[in-house]
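Let's take a friendly walk through this model, beginning at the place where its chains meet. Please have the viewer open as you read.

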Amino acid sequence: MTKLAEFTTNEHLAILSARELRNGQVVFAGIGIPLLAAALAQRAHCPNLTILFEGGTIGALVEPGRLPPSTNDQRGAKRSNMVLGSSEVLLLLQRGYVDIGFMGGAQIDKYGNLNSSLINGTGNKSAIRLPGSGGGNDIASLTNLMVTMKHEKRRFVEHVDFVTSPGWLRGRSTRHESGLQSGGAFRVVTELAVFGFDEHSREMKVIALNPGVSPSQVQENTGFELLFDSDLPITQLPTGTELRILRELDPDGVLTS
Amino acid sequence: MHLEKARSYSDLRERLSRRDRGLSEKVMSLEDASALITDGQSVGIGGSMMSRTPMAMIWQLIRSGRKNLVCSRSITTSEGDLLLGSGLSNHIITSWFSQGIMWGISKVMRMHVESGQARYDEWSHLAIGMRFRAGAMGVPFMPMRPMLGSDVLASRPEARVINCPFTSENILLVPALNPDVAIIHVHSCDPYGNARIEGLQFMDIDLAMAADKVILTTERIISNDQIRRAPDQTKIPFFCVDGVVEVPFGSAPHECYGVYEPMMNHLDSYVRKVNSDPIGGMKSYLDEHIYAPRSWNDYLNLIGLEEVLGAAHRGRSND
């Protein structure tokens, strides 16, 4: 049995989120833990997982020890099934070919909206300009979105300062009313718990706890009031196989240290 | 905030009609090519992230003292720092702007944008693509579904939400982007500008078609005979190209598919230098790496033979 100290937080995030992927799905993966988790899933329980990258890659095959430094470069594209233009690969999302959009997050709110653009708002002297959407807005607008990120109170906020990548917007039917007719945030994976969203209010809801984590601990580290499923299973610790595959993929701990 | 001005169709056609579209040779030096761009023009930049960035052209434009360009690119990385830090540009239109994934937020970008010295117009990645595509198609806009409901849309008054006349649903219209000039780095092209791009094309074909003028830098110039033996490999046709410059390793320290990977040691040291001191560090990088070298090859020398060849070895390996 694996002990808690035997893996890093990022390894835990990659393993937990890889388990949410199913064989045969088409997943559009962002850089970082999502890319690593998708590659892990492909080598563990989803041999027929199709991975798409923003740079135009269809059917990526990430090779051990050769992790791409971004999703827009040749390492991610070599040995794939096809390379397309950037617009073409994003238009596949719009057409509906992709099951899961999968990305990291800097700041998230209770409706699963993500901010990667601006902290402290427009025109404010203390505003911090973050990198921006990239494909994030497109992915979140068009797919069932899975997000994996570290669980910190300052990152889990009541309202994000700027909606870069839309979740359920202001809850209930507001996403649909804005014109976003498909998709929406469906999973958030952190080192503390796994989250879904209430199907009516669209508020974030704890659906599983990680080993050794109490519900109050999750709430204390969250900047808004969480919903909790009545029945809360405990996730399985990372297995030796999962850790071995992950460390083969990223032997230098580029993404997992 | 002033809005980008929409280009009229008659203006676009008029400018295109005046271009030399004959099968003529366009080979020139980096310096000559930089003279095709004037201060304040809008310039579309090919490639994406750390891939096929037309770095040698940017390097030359900084050396030639061009100022205040409005630069558009799918995804902007360390070249964006150089655009702002040198004054070559004070307005970037893109979907993502940092030095690269490995290094977190760009301190150079933050300093210029947060202080209001430079403007960063953020669009979604697809929106940038659809704007170039509309420009390439000669239509004023493209419809798309992302960005609705978000603050990315709320901060972009140039985009419009309409009620679709066919389906009655909300749909977003993004305006055409027709840059005055496009600068694109390619794998090979003939002296007329028939260009091959291997691997990831990004938005470069739309960008080439959209722009009023196109400058290609190329890893190598090949003959028109070679082009004619495999016309399916030609991605950009000669008649939309105005200048061809042969620059081996012209994307360094970024990558070129199948030819070289990014030169990470150089990028690491660059990021350490400018993030620890976005003003002084940038000045010293510009002085040492942009202004001081006598030629692009001299700049490659500063990156170092070992690193350049190592990147080439990794880029060419397929195992």
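Which side chain of chain B meets that of Arg129(A) in a salt bridge? In this predicted model, the partner is Glu122(B), with a distance of 2.4 Å from N to O.

## Where chains A and B meet

That salt bridge sits in a wider picture: the rule finds four salt bridges across the interface of chain A and chain B. Polar contacts can be listed there too, and 28 residue pairs qualify, with both residues at pLDDT 80 or more. On the chain A side, helix 3 (74-77), helix 4 (86-95), strand 9 (128-129) and helix 5 (136-142) each supply at least two of the residues that touch chain B. Helix 4 of chain A gives the largest share, six residues. Sorted by type, the residues on this side of chain A comprise 18 nonpolar, 21 polar and 11 charged.

In terms of residues, chain A brings 50 to the contact and chain B brings 56. Together the two chains bury about 4,100 Å², and carbon and sulfur atoms give 55% of that area. Three residues stand out on the chain A side: Gln74(A), Arg129(A) and Pro131(A) supply 18% of the area that chain A buries against chain B, more than any other three residues. Arg129(A) is thus worth a second look, as one of these three and as the salt-bridge partner of Glu122(B).

## The fold of chain B

Now for chain B as a whole. It contains 13 helices and 12 strands, and its C-alpha atoms fill a box of roughly 60 × 50 × 40 Å along the principal axes. How does its radius of gyration sit with that of a compact globule? A compact globule of 319 residues would have a value near 20 Å, and chain B has 19 Å, so the two agree.

Of the 319 residues in chain B, 59% count as buried. Among contacts in chain B with a separation of 6 or more, 75% are between residues 24 or more positions apart.

## A closer look at Lys273(B)

To finish, here is a single residue to find in the viewer. Lys273(B) lies in helix 10 of chain B, which covers residues 264-276. Is Lys273(B) buried or partly exposed? Lys273(B) has a relative accessible area of 25%, so it counts as partly exposed.

Beyond its neighbours within four places in sequence, Lys273(B) is in contact with Gly281(B), Ser284(B), Tyr285(B) and Glu288(B). From Lys273(B) to Lys283(B) is 10 residues in sequence and 9.9 Å in space, C-alpha to C-alpha.

How values were computed:
Residues numbered from 1 in each chain as written. Chains lettered and ligands numbered in written order. Predicted model: local features only at pLDDT ≥ 70, side-chain atom pairs only at ≥ 80, totals over all residues. Heavy atoms only, no water. Contact = heavy atoms within 4.5 Å. Buried area = accessible area lost by both parts, 1.4 Å probe. Polar contact = N/O pair within 3.5 Å; in protein donor to acceptor, adjacent residues only side chain to side chain. Helix = DSSP H or I, 4+ residues; strand = E, 2+ residues; numbered from the N terminus. Nonpolar A, V, L, I, M, F, W, Y, C, P; charged D, E, K, R; others polar. Rg over C-alpha atoms; globule rule 2.2 N^0.38 Å. Buried < 20%, exposed > 50% of the residue type's maximum accessible area, 1.4 Å probe, protein only.
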